Amino acid sequence: MENSTVKYGKLPTVRVTAPSGAQAVVSLYGGHLLSWKTADGQERLFFSEKSALDGSRAIRGGVPVIFPQFAARGTGMRHGFARVSNWHLTETGTHADAAFARFVLTDEWLEPEVAAAWPHKFKLVLDVVVRADDIRLSLTVHNTGEAPFEFSGALHTYFLVDELGKVRIDGVQEGEFAITDKYDHIYFGVEGPLALRSGHGTLKLEQEGFPDAVIWNPGAADAAALVDMGDEEYDRFVCIEPATIAPRTLAPEESWRGWHIITAVPAE
Ligand SMILES: O=P(O)(O)OC[C@H]1O[C@H](O)[C@H](O)[C@@H](O)[C@@H]1O
């Protein structure tokens, strides 16, 4: 099936469709995966009904790319500038059973004030590969300058669930657990794979390159305070985010790459 360019609100996006019908929609603003449907037509990602869709602020839902700073752990923009910058599509196509697309962000395309605040030469590459029951996201960071820089990064994945109280997460240090209210925890050095069980079935979450995983849900009170999230929406997602939290130094011409591979596990 053809890959195509579509609009999501005012955001230009790219839709890739695998021969099985599985689909991903990626916004150029943020290099941000907005929707992922497996071949059975099931949407797997949460997207807030109150999310901005005009590029005026970060998108709430899907998979924000976090770079070069995680949350407020640094002096720069919260969660970095990648999620609020305009990326370019450089490749798209289908190959055998997969559809793929490549998105790139370099320092040359940053808003001047953003580039001034983080004056390093870099190239970020986000690869998205969709097959019937899985999606592979990879984030590559290249240092294209002549001086080293430090960064943190994450793929801040918002998984759609039917009811937070029924969610079970497995694979981090504490074994299987449930989330009943606000939850915000960084697991350093996860071994993986993780599993997310909800009324929408089980997803296997594998990560490579990213040493850490962040698990987040704002709970009812914090969700109500977020302008871009409906009061009840906290009940419909959990974020499980492969991350590299401790600042990582990249020398000139060096690259780092992290993967997130998400697979829908068939019901037994
Ligand atoms: O509201 P945002 O800037 O998108 O951040 C959303 C969340 O991201 C991460 O999961 C952090 O661990 C949380 O502390 C944070 O609240």
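A residue is counted as buried here if 20 or more other C-beta atoms lie within 10 Å of its own. By that criterion, buried residues account for 39% of the 268 residues in the protein. The structure is a predicted model, and its mean pLDDT is 96, with 99% of residues reaching 70 or more. The scores for the model are ipTM 0.97 and pTM 0.97.

As for the overall fold, the protein is built from two helices and 18 strands. Computed along no particular residue but along the principal axes, the C-alpha atoms fill a box of roughly 50 × 40 × 35 Å. The radius of gyration is 18 Å, which agrees with the value near 18 Å that a compact globule of 268 residues would have. Among contacts with a separation of 6 or more, 62% are between residues 24 or more positions apart.The ligand offers a convenient place to look more closely. Its shell consists of Ala 58, Ala 71, Arg 78, His 79, Asp 184, Val 214, Trp 216, Cys 239 and Glu 241. By residue type, the shell divides into five nonpolar, one polar and three charged residues. Two strands each supply at least two residues of this shell, namely strand E16 (212–217) and strand E17 (237–250).

One member of the shell, Glu 241, also carries an annotation. In the unreviewed UniProt entry, the label "active site" covers His 156 and Glu 241. These annotated residues are spread over 86 residues of sequence, yet they cluster in space, with a largest C-alpha distance of 4.6 Å.

The surroundings of each annotated residue can be followed in turn. His 156 sits in the loop between strand E10 (149–155) and strand E11 (158–160). His 156 is classed as buried because 24 C-beta neighbours fall inside 10 Å. When neighbours within four places in sequence are left aside, the contacts of His 156 are Val 63, Pro 64, Ile 66, Cys 239 and Glu 241. Among these contacts, Cys 239 and Glu 241 also belong to the shell around the ligand.

Glu 241, in contrast to the loop position of His 156, is part of strand E17. Glu 241 has 24 C-beta neighbours inside 10 Å and therefore counts as buried. Again leaving aside neighbours within four places in sequence, Glu 241 is in contact with Ala 154, Leu 155, His 156, Thr 157, Ala 213 and Val 214. The contact with His 156 thus links the two annotated positions, and Val 214 is another residue of the ligand shell.

The next residue along the chain, Pro 242, is likewise found in strand E17. Pro 242 is buried, since 29 other C-beta atoms lie within 10 Å. Beyond its neighbours within four places in sequence, Pro 242 is in contact with Ala 154, Leu 155, Gln 207, Phe 210, Ala 213, Gly 258 and His 260. Ala 154, Leu 155 and Ala 213 also appear among the contacts of Glu 241. Pro 242 and Ser 4 lie 238 residues apart in sequence, and their C-alpha atoms are 28 Å apart in space.

Some features of the backbone also deserve a look. Most residues other than glycine have a negative phi, and most peptide bonds are trans. Against that background, a cis peptide bond joins Phe 67 and Pro 68, with omega at about 0 degrees. Pro 68 lies in the loop between strand E5 (65–66) and strand E6 (88–95). Another cis peptide bond joins Gly 192 and Pro 193, where omega is about -5 degrees. Pro 193 is placed in the loop between strand E13 (183–187) and strand E14 (194–198).

Positive phi values occur at Ala 71, where phi is near 50 degrees, and at Ala 96, where phi is about 50 degrees. Neither residue is a glycine. Ala 71 is located in the loop between E5 and E6, the loop that also holds Pro 68, and Ala 71 is one of the residues surrounding the ligand. With 18 other C-beta atoms within 10 Å, Ala 71 is partly exposed. Ala 96 is in the loop between E6 and strand E7 (98–106). Ala 96 counts as exposed because 7 C-beta neighbours lie inside 10 Å.

Technical notes. Residues numbered from 1 in each chain as written. Predicted model: local features only at pLDDT ≥ 70, side-chain atom pairs only at ≥ 80, totals over all residues. Near = placed C-beta within 6 Å. Helix = DSSP H or I, 4+ residues; strand = E, 2+ residues; numbered from the N terminus. Nonpolar A, V, L, I, M, F, W, Y, C, P; charged D, E, K, R; others polar. pLDDT = per-residue confidence, 0-100. Rg over C-alpha atoms; globule rule 2.2 N^0.38 Å. Buried ≥ 20, exposed ≤ 12 C-beta atoms within 10 Å, placed from the backbone. Contact = placed C-beta atoms within 7 Å. UniProt positions renumbered as here; feature names shortened; annotations may be inferred.
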